[in-house]
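Me: Could you take a close look at one part of this model for me, namely the aromatic cluster and what lies around it? I'd like one connected account rather than a list.

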Amino acid sequence: MKAGKYVGPKLVQVAEIEKPIIAEGEALLKVSYGGICGTDMMIYAGQHPRAQSSLTMGHEFSGVIEEIKGMSSFKKGDRVVVEPTISCGECRPCQSGNSHVCESLKLIGIDVDGGFSEYAKVPINRLHKVPDELPLNLAALTEPVAVAVHSVRRSTLKVGESVAILGAGPIGLLIGLIAQLNGAKDIYVSDISPFRLGIAEQMGFRAIHAKETNVVDEIRARNNNEFIDVVFEVAGSQQTVDQMIPLIKTQGQIVVVSVFKNKPALSLADMHFRELSITTTRCYTSDDFRTAVELMASAKVDFSTLISHEFHIDDIDKGFSVMKNTEESLKVLITKQVKGDLNEFIFARRKSGSSHRSNSWHWSCLGLGIS
Ligand SMILES: NC(=O)c1ccc[n+]([C@@H]2O[C@H](COP(=O)([O-])OP(=O)(O)OC[C@H]3O[C@@H](n4cnc5c(N)ncnc54)[C@H](O)[C@@H]3O)[C@@H](O)[C@H]2O)c1
Ligand SMILES: [Zn+2]
Ligand SMILES: [Zn+2]
């Protein structure tokens with residue numbers, strides 16, 4: 001079978017390898033779609049502390065069960081999405097119901113082979129059923145949606161409150177969508193990429209150009225000169241760390257979602273004078289993951305707006321190149337089923353002013369069946 005391998009810094013190659021053999025308690029999936037995310041880009045850049053060559057990347061993926069070994073409610077043919085965390089079950093956090101912060105947490109697609117391949121083996125207890133109404137390309141977004149669900153659940157956000165999201169990548173925009181569902185009143189989203197800010201606007205957020213404006217002054221001015229109730233830092237830059245403190249209300253909460261590549265400087269004294277708190281977030285619990293599947297299946301929100309490209313697995317290196325450019329990409333999916341740059345649909349929608357792309361519209365435009 002084909003597998004997209006990280007073979008060294010800036011090198012992703014398609015290799016022909018043996019189909020995995022499953023053990024008791026595992027399922028073999030025929031992979032449908034896998035999403036490239038910021039962590040994959042870190043692996044690709046050779047900067048990930050754990051990922052080693054020649055790893056089959058991909059921790060955001062959906063598929064169909066081809067074979068299963070062990071007692072389970074799952075069966076061959078079920079459509080599923082993978083919760084990629086693997087915890088030890090023995091450390092203190094695991095024993096106290098917090099296996100998502102297991103002291104030796106591993107991820108499928110980072111520590112062990114993942115889903116940028118035709119088939120993948122996965123422990124049965126890491127599978128979630130995908131409801132019939134949820135297309136498998138959207139189901140591949142469940143993992144980042146779960147990150148957003150977890151981040152908003154970790155926040156103190158209440159109905160009617162204002163939110164600032166610094167960074168309009170997939171995670172920042174998804175946090176915006178989940179905050180919107182939770183009754184946030186005004187949602188300000190900053191980025192340096194006009195392309196991503198355009199999508200933020202389509203989603204109903206107030207876009208702030210971080211290169212063209214003073215982000216703090218602009219957001220405060222648009223917010224009736226009030227501070228913001230909850231700030232999410234989702235860009236991982238010194239600039240956004242500098243902005244999060246003067247934006248937040250006294251005694252307010254900053255949620256740091258980013259994984260910083262370098263240590264940022266932070267003025268704890270400024271935080272002290274106004275009794276600010278910082279909350280961090282890691283991954284998601286299984287309940288966050290289930291909620292993410294349910295929210296996506298309920299179609300209350302159009303998550304398809306996130307998908308900018310779908311590349312055939314043979315073109316996985318192109319997928320990584322495109323993903324590097326935030327001026328043209330948001331979420332790139334790898335698949336065996338279709339090829340395509342979906343940006344034309346995003347731009348067409350932007351021009352027509354329509355903020356909603358229904359799944360059926362999307363799929364009929366592409367001339368594809370829903371798989
Ligand atoms: N907490 C978790 O478990 C978890 C899970 C997934 C991702 N993450 C982290 O969340 C962060 C965001 O993830 P992503 O996939 O959306 O990444 P991304 O790189 O696609 O998005 C980051 C965005 O920040 C923007 N940005 C850069 N500098 C900026 C600035 N000065 N002002 C405003 N925007 C700026 C970039 O243009 C980009 O659009 C990353 O640090 C990632 O590692 C954390
Ligand atoms: Zn990810
Ligand atoms: Zn553990």
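Reply: Happy to help; here is a walk from the aromatic cluster to the cavity, the metal site and the pockets. Please keep in mind that this is a predicted model.

Let's start with the rings. Searching the whole structure turns up 3 aromatic pairs. One of them joins Tyr 44 and Phe 320 in a tilted arrangement, with 4.9 Å from centre to centre and 35° between the planes. Since Tyr 44 belongs to helix α1 and Phe 320 to helix α11, this pair ties together parts that are 276 residues apart in sequence. Both of these residues are buried. Phe 320 also pairs with Phe 116, this time edge-to-face, at 6.3 Å centre to centre and with 85° between the planes. Phe 116 sits in the loop between β8 (106-107) and β9 (119-123) while Phe 320 is in helix α11, so this second contact bridges parts that are 204 residues apart in sequence. Taken together, Tyr 44, Phe 116 and Phe 320 make up one aromatic cluster.

How buried are the two phenylalanines? Phe 116 has a relative accessible area of 0%, and Phe 320 is likewise at 0% relative accessibility. Both count as buried because the cut-off for that label is under 20% relative accessible area.

Phe 116 leads us on to the cavity. The whole structure holds 1 cavity of 30 Å³ or more, and its volume is about 50 Å³. Phe 116 is one of the residues lining this cavity, and others include Gly 115, Ser 117, Ile 313 and Lys 336. Strands β3 (26-36) and β18 (331-335) each provide at least two lining residues, with β3 giving the largest share at 3 residues. By class, the cavity lining splits into 4 nonpolar, 5 polar and 1 charged.

From β3 we can step along to the metal. The zinc ion (ligand 2) is held by Cys 37 through SG, His 59 through NE2 and Glu 60 through OE, at 2.1 to 2.4 Å. Cys 37 lies in the loop between β3 and α1, whereas Glu 60 is in strand β5 (residues 60-69), 23 residues away along the chain. The donor spacing reads C-x21-H-E. Cys 37 counts as buried because its relative accessibility is 11%, and Glu 60 is buried too, with a relative accessible area of 1%.

Helix α1, home of Tyr 44, brings us to the largest pocket, whose volume is about 1600 Å³. Of its 50 lining residues, Gly 38, Thr 39, Val 234, Ser 258 and Val 259 are the closest to the centre. α1 (38-44) and α11 (316-324) are among the elements that each supply at least two lining residues, and α1 contributes the most, with 4 residues. The lining comprises 22 nonpolar, 19 polar and 9 charged residues. The second largest pocket, for its part, has a volume of about 210 Å³. Its 15 lining residues include Thr 85, Ile 86, Ser 87, Ser 99 and Arg 126, which lie nearest its centre. Here the classes are 4 nonpolar, 9 polar and 2 charged.

Two further ring contacts round off the tour. The charged end of Lys 129 sits over the ring of Phe 74, 4.7 Å from the ring centre. Arg 220 lies over the face of Phe 227, at 4.0 Å from its ring centre.

Key:
Residues are numbered from 1 along each chain as its sequence is written. Chains are lettered from A and ligands numbered from 1 in the order in which they are written. This is a predicted model: local features need pLDDT of at least 70, side-chain atom pairs count only at pLDDT 80 or more; totals for chains, interfaces and linings use all residues. Side-chain values use heavy atoms; hydrogens and water are left out. On a 1 Å grid over the protein atoms alone, a cavity is a set of points where a 1.4 Å probe fits but cannot get out, and a pocket is an open set with protein on both sides within 12 Å along at least five of seven lines; lining residues have an atom within 4 Å of a point. Grid points are joined across faces, edges and corners, and a volume is the space filled by probe spheres set on the points. Ala, Val, Leu, Ile, Met, Phe, Trp, Tyr, Cys and Pro count as nonpolar, Asp, Glu, Lys and Arg as charged, and the others, Gly among them, as polar. Donors are N, O and S atoms within 2.8 Å of the metal (3.2 Å for Na, K and Ca); water is not among the atoms, so sites may look incomplete. Buried means under 20% relative accessible area, exposed over 50%, partly exposed in between (1.4 Å probe, protein chains only). Rings of Phe, Tyr and Trp (its six-membered ring) pair if their centres lie within 6.5 Å; planes under 30 degrees apart count as stacked, over 60 as edge-to-face and the rest as tilted. A charge sits over a ring if NZ of Lys or CZ of Arg is within 6 Å of the ring centre and within 35 degrees of the ring normal.
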